[in-house]
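Q: I would like a careful look at one part of this model, set against the rest of the fold. Please begin with the local surroundings and then move outward.
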Amino acid sequence: MNLLLLQLEDYIARQVAENGTVTGIAEVQDNRRANHMIKILKVEVGSTVKVGEADGLIGEGIISEIKLPEQVKKPTIITIKVKLTDAPPPPAPVRLIIALTRSKNFPKLLETVTVLGVKEIFVINTERVEPGYWHTHTLERDHIRQRLTEGLEQAVDTVYPRVVLCKKWDRFVSNTLPQLAKDYLSIVAHPDDDGISCPVSVKENTNLAIGPEGGFIDAEIEVFQEAGFKLVTLGSRILPVQAAVHVLLGKLCFA
């Protein structure tokens, strides 16, 4: 946790100045954050921590009180005096369109792309996505929110990505894909001899489509091409989805 990310409900007092600066008093009461601050960050009264507000500014917080629980099941309460003045880092210029992965991999994938600055994630169904993948608690709103939070805390960012679950392929193709392709450079990762090398350090808004383990089938590739997507390849090696995400976003955003 490189950033203590506050939700609006954490505040017991909050003010916004004319220049946009946010000040206030917040209480951290959940065990995950409180335990990390005490056991890992070793905070004490008077300590300063980097703080951000969900979808808002970044600044500093001073620990004003630590109230240890009198009973085992009660949470530790950490009171923080907050001042937020700085904008979050700029987003990556990439919108990710990715086939749903298995439930044990999906949470880490969300966290990874959040760390890398992606702010729009369209999770789609394809021929090679197992139907059971759509019936898992990892797709529940609270679980998704938690993994996004952990990615933002790691990256020192505050702006939550928009995650859209597109369970119906036909509906995605007819209603969503044409809108996504407008005014964007659009590429689809596919191990094909006709594919071009992945663009590097893009500045323009870019759609990146990545298939499931085993890749998109030919008919799905044709759909993307008809929508204006260009095939890109990473060479002869067939990468698992998690590795492909790291490599492609690294080239597009950080090379």
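What is the relative accessibility of Asp-55, and does this residue count as buried, partly exposed or exposed?

A: Asp-55 counts as partly exposed, because its relative accessibility is 49% and the class of exposed residues begins over 50%. The coordinates come from a predicted model, so this value, like those that follow, is computed from predicted positions. Asp-55 sits in the loop between strand 4 and strand 5, and its phi is near 60°, a positive value in a residue other than glycine. The backbone angle deserves attention, since most residues other than glycine have a negative phi.

Lys-42 is another such residue, with a positive phi near 60°. Lys-42 lies in the loop between helix 1 (31–40) and strand 4 (48–53), so that strand 4 is named as a boundary of the loop of Lys-42 and also of the loop of Asp-55. On accessibility the two residues fall into separate classes: Lys-42 is exposed, because its relative accessible area is 60%, whereas Asp-55, at 49%, is partly exposed.

The strands that flank Asp-55 belong to an open sheet of six strands, ordered 1-4-5-6-3-2, in which the pairing is mixed. The edges of this sheet are strand 1 (4–6) and strand 2 (11–16), each of which pairs on one side only, and from one strand to the next the twist averages 30°. Strand 5 (residues 58–67), which follows the loop of Asp-55, runs antiparallel to strand 6 (residues 77–86), and nine bridges join the two. Within that pairing, Ile-62 has Lys-81 of strand 6 as its bridge partner.

A second open sheet is built from seven strands in the order 9-8-7-12-10-13-11, and here the pairing is parallel. Strand 9 and strand 11 form its edges, pairing on one side only. Strand 13 (230–233) can be followed on both sides: three bridges join it, in parallel, to strand 10 (residues 185–189), and two bridges join it, again in parallel, to strand 11 (residues 196–197). Individual partners give the register of these pairings: Val-188 is bridged to Leu-231, Ile-196 stands opposite Val-232, and Ser-197 has Thr-233 as its partner.

Helices pack against this second sheet. Helix 6 (241–254) lies across strand 7, strand 10 and strand 12 (206–210), and runs at about 165° to strand 12. The loop that leads from strand 13 to helix 6 holds Leu-239, which is partly exposed because its relative accessible area is 33%. Together with Leu-234 and Val-247, Leu-239 forms a nonpolar patch on the surface, with about 190 Å² of accessible area for the three together.

Helix 2 (residues 106–115) is mostly covered, with eight of its 10 residues buried; among them are Phe-106, Leu-109, Leu-110 and Val-113, as well as Glu-111 and Thr-112. The buried residues of helix 2 pack against strand 7 (94–99), strand 8 (120–124), helix 3 (141–155), strand 9 (162–166) and helix 6. After helix 2 comes Gly-117, with a positive phi near 95°. On the side of helix 3, Gln-146 is partly exposed, because its relative accessibility is 30%, and its C-alpha atom is separated by 9.8 Å from that of Leu-110, although the two residues are 36 positions apart along the chain.

At the level of the whole protein, there are six helices and 13 strands, and the C-alpha atoms fill a box of roughly 60 × 40 × 35 Å along the principal axes. Of the 255 residues, 45% count as buried. Among contacts with a separation of 6 or more, 71% come from residues 24 or more positions apart. The accessible surface comes to about 13,500 Å², with 49% of it belonging to carbon and sulfur atoms. Returning to the starting point, Asp-55 is a partly exposed residue, placed in the loop between strand 4 and strand 5.

Notes: Residues numbered from 1 in each chain as written. Predicted model: local features only at pLDDT ≥ 70, side-chain atom pairs only at ≥ 80, totals over all residues. Heavy atoms only, no water. Patch = residues over 30% accessible without salt bridge, like charges linked within 9 Å, V, L, I, M, F, W, Y side chains within 5 Å. Areas by Shrake-Rupley, 256 points an atom, 1.4 Å probe, with all protein chains shown as cover. Salt bridge = Lys/Arg side-chain N within 4 Å of Asp/Glu carboxyl O. Helix = DSSP H or I, 4+ residues; strand = E, 2+ residues; numbered from the N terminus. Buried < 20%, exposed > 50% of the residue type's maximum accessible area, 1.4 Å probe, protein only. Contact = heavy atoms within 4.5 Å. Pairing = 2+ DSSP bridges. Axes fitted to C-alpha atoms, helices over the stretch in contact; angles between N-to-C directions.
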